[in-house]
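Visitor: I would like to learn how to read a helical model, feature by feature. Could you take me through one?
Guide: Gladly; let us put it on the screen and begin.

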Amino acid sequence: MAIPLDDIRNRIAQVVWFVCVAAALLLAVGALCIALKANQNNSLVEFVLDWADRVDLGVFSRVNGVWEADAGKNEAIKNALVNWGLGAIVWLVIGRFADRVIRP
């Protein structure tokens, strides 16, 4: 018995949505770690920040992202919150759009 094409498309849409939500969550948690000044020597924090740096796609980088705070107090925190926050929103929009296109 063959699996219906609609079921396959539904499963693919679910996987795409999950990947996009996971990327957005990594960016949000990474920004929170920076804002709370979490110990970056901790292996869990290091893991989150490393993966957040990977899923920001270079466009929403906390160092050279779409928005850069002027040199001043809490510059790194502002950059992480704005750039990774925007990156998380973009991942969610892309995921929802892809989900709607793929789903029957």
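Guide: Please keep in mind that this is a predicted model. We can start with a pair of helices: H1, residues 5–35, and H2, residues 43–55, pack with their axes 8 Å apart and at an angle of about 125 degrees.

Visitor: How are H1 and H2 oriented to each other, given that angle?
Guide: The general idea is that angles over 145 degrees count as roughly antiparallel and 65 to 115 as roughly perpendicular, with oblique for the rest above 35. The angle here therefore makes H1 oblique to H2. As for handedness, the crossing of H1 past H2 is left-handed.

Visitor: Which residues of H1 and H2 make the contact?
Guide: From H1 come Ala23, Leu26, Leu27, Val29, Gly30, Cys33 and Ile34. H2 answers with Val45, Val48, Leu49, Trp51, Ala52 and Val55. By class, that contact holds twelve nonpolar residues, one polar and no charged.

Visitor: At what angle do H1 and H3 cross?
Guide: Their axes cross at roughly 175 degrees and come within 8 Å. Anything over 145 degrees counts as roughly antiparallel, so H1 and H3 are roughly antiparallel to each other. The contact of H1 with H3 includes 24 nonpolar residues, four polar and three charged.

Visitor: Now the interior. Which residues of the largest nonpolar core touch the most other members?
Guide: A nonpolar core is a set of buried nonpolar residues joined through their side chains. The largest one here has 16 residues, and those touching the most other members are Leu27, Ile34, Leu49, Val55, Trp84 and Trp91. H1, H2 and helix H3 (75–102) are the elements that give two or more residues to this core. H1 gives the most, with seven residues.

Visitor: What is leucine 27 in contact with, beyond its neighbours within four places in sequence?
Guide: Leucine 27 is in contact with Ala52, Val55, Asp56, Trp84, Gly87, Ala88 and Trp91.

Visitor: Let us turn to single residues. Is asparagine 83 buried or exposed?
Guide: Buried means under 20% relative accessible area. Asparagine 83, placed in helix H3, has 0% relative accessibility and so counts as buried. Asparagine 83 also shows how sequence and space can part ways: serine 61 is 22 residues apart from it in sequence, while the C-alpha to C-alpha distance is 6.3 Å.

Visitor: And how does glutamate 46 count by its relative accessibility?
Guide: Between the 20% and 50% limits a residue is called partly exposed. Glutamate 46 sits in helix H2, and because its relative accessibility is 48%, it counts as partly exposed. Not counting residues up to four places away in sequence, glutamate 46 touches Gln40 and Asn41. From cysteine 33, glutamate 46 is 13 residues apart in sequence and 9.7 Å apart in space, C-alpha to C-alpha.

Visitor: What should I notice about the backbone at lysine 37?
Guide: Look at the sign of phi. Lysine 37 is not a glycine, yet its phi is positive, about 55 degrees. Lysine 37 lies in the loop between H1 and H2, and its 63% relative accessibility is why it counts as exposed.

Visitor: What is the phi of leucine 57, and where is its place?
Guide: Leucine 57, also not a glycine, has a positive phi of about 60 degrees. Leucine 57 belongs to the loop between H2 and H3. With 58% relative accessibility, leucine 57 counts as exposed.

Terms used: Residues numbered from 1 in each chain as written. Predicted model: local features only at pLDDT ≥ 70, side-chain atom pairs only at ≥ 80, totals over all residues. Heavy atoms only, no water. Axes fitted to C-alpha atoms, helices over the stretch in contact; angles between N-to-C directions. Helix = DSSP H or I, 4+ residues; strand = E, 2+ residues; numbered from the N terminus. Left-handed = near helix turned anticlockwise from the far one by under 90°. Contact = heavy atoms within 4.5 Å. Nonpolar A, V, L, I, M, F, W, Y, C, P; charged D, E, K, R; others polar. Core = buried A, V, L, I, M, F, W, Y, C linked by side-chain atoms within 4.5 Å. Buried < 20%, exposed > 50% of the residue type's maximum accessible area, 1.4 Å probe, protein only.
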